[in-house]
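Here's a quick walk through a two-chain model, written to be read with the structure open beside you. Let's start with how the chains are put together and then look at some local details.

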Amino acid sequence: MKKFKLFIIIIGFSLILVNNLRAQDTDQVNKISKNLRCLICQGQSVYDSQSDFAISMKTLIQKKIDEGKTENEIYEFLTKKYGDWIIYDPELNKNTFLLWLLPLILFVFGGILIIRKVSIK
Amino acid sequence: MIKNIKFIIIILFGLFLFLVFLKGLDKPNSYSPNSILNQIETKLTARTLYKNKEISLGELIDKNNFSLINVWASWCLPCRNEHSYLINLQKINNINIIGINYKDKEINAKKFLKDLGNPYSEILIDPDGTISIELGAYGVPETYLVNRKTNEVIKKFIGPLDDLKFKEIVKIVNNEKI
């Protein structure tokens, strides 16, 4: 009877462990797919969409994670296939530098204006 | 006077913004997938429809001629319409066509080929659609013209083949032969 109880406890714990690991994997897939644009849908992420394209994409991301690929490697792979457009959060490169730098420039410029106004007073 | 200048500046700025947005309206904002052409993943392996064995895409690409990779499914209606073009390309121009059977039932796929003819030298099955995604596909049907030497996609045809696309493929293939 004691052995049986121990057996049940071990099984229970391993199930919880497996479940937990699987959940972490799914979290990772969700995180990546939320940052990917569903290219055949309008205004939806891969995570939100139930189109064939998005479902296949999610399966592929899961496969890549199982293969041990990191998040950045997956983004790199997908941008090679589909271009920068697929990622909502674009990387800094020669095409996107203005997108990243303009808010910073405006912020600094605004800051200078305010400081000047305050110091004049 | 200063008030007037301020007013003029505001008006000019508004006009400038209006012109920028007006120009932005004309610019096509639809994403053009044709611009991304890259190397075919020759290491991709999948099970074949008829022989039931794993084979890599690299082995199927014709080393002496152009190859076409066609993503299709029996449930896809446009695939039915483009099928005659594929048959002609294979028969008349003797092009090696590799089929990727996208998210399909094997029985339906085989029936489709039995009814309409089989232009493919080999068909890889892609039950969960991941091979097509690795190839950079958006859906079905899609056709890629692959260079024999570099394994590079020369041209991507999104959607069913039609007269224009058919002529384009024939032109590219014939020009290279000369």
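## Ground rules

Two residues are in contact here if their C-beta atoms, placed from the backbone, lie within 7 Å. With that in hand, take chain B: among its contacts between residues at least 6 apart in sequence, 71% join residues at least 24 apart. For chain A, residues 24 or more positions apart account for 42% of the contacts with a separation of 6 or more.

Keep in mind that this is a predicted model, in which local features need pLDDT of at least 70 and side-chain atom pairs count only at pLDDT 80 or more, while totals for chains, interfaces and linings use all residues. Residues are numbered from 1 along each chain as its sequence is written, and chains are lettered from A and ligands numbered from 1 in the order in which they are written.

## Chain A

Chain A comes to 4 helices and 0 strands, going by DSSP runs numbered from the N terminus (helices are H or I with at least four residues, strands are E with at least two). Its radius of gyration is 23 Å, well over the 14 Å that the globule rule gives for 121 residues, so chain A is more spread out than a compact globule. That radius is taken over C-alpha atoms, and the rule is 2.2 Å times the number of residues to the power 0.38. The C-alpha atoms fill a box of roughly 85 × 40 × 25 Å along the principal axes.

Of the 121 residues of chain A, 15% count as buried. Buried means 20 or more other C-beta atoms within 10 Å of a residue's own, exposed means 12 or fewer, and partly exposed is in between, with C-beta atoms placed from the backbone. An automatic or database domain assignment splits chain A into domain 1 (2–90) and domain 2 (91–121), and the C-alpha centres of these two are 37 Å apart.

## Chain B

Chain B mixes 6 helices with 7 strands, in the order α-β-β-α-β-α-β-α-β-α-β-β-α. Its radius of gyration is 23 Å, where a compact globule of 178 residues would be near 16 Å. The C-alpha trace spans about 85 × 40 × 30 Å along its principal axes, and 32% of the 178 residues count as buried.

The domain assignment gives chain B a domain 1 (1–30) and a domain 2 (38–177), with 50 Å between their C-alpha centres. Where the chains meet, 13 residues of chain B are in contact with 15 residues of chain A. The chain B side has 4 nonpolar, 6 polar and 3 charged residues.

## Helix H3 of chain B

How far apart are the end C-alpha atoms of helix H3 (residues 77–91) of chain B? They are 23 Å apart, which agrees with the 21 Å that its 15 residues should span at 1.5 Å a residue. H3(B) has a kink of about 35° centred on B:His83. B:His83 is also one of the helix's buried residues, listed with B:Cys79, B:Glu82, B:Leu86 and B:Leu89.

## Backbone oddities in chain B

Most residues other than glycine have a negative phi, and most peptide bonds are trans. The bond from B:Val140 to B:Pro141 is cis, with omega near -15°, and B:Pro141 is found in the loop between helix H5 (130–135) and strand E6 (142–146).

B:Lys103 has a positive phi of about 45°. This lysine is in the loop between strand E4 (96–102) and helix H4 (106–116).

Notes: The expected span of a helix is 1.5 Å times one less than its number of residues. The bend at a residue is the angle between axes fitted to the seven residues ending there and the seven starting there. Ala, Val, Leu, Ile, Met, Phe, Trp, Tyr, Cys and Pro count as nonpolar, Asp, Glu, Lys and Arg as charged, and the others, Gly among them, as polar.
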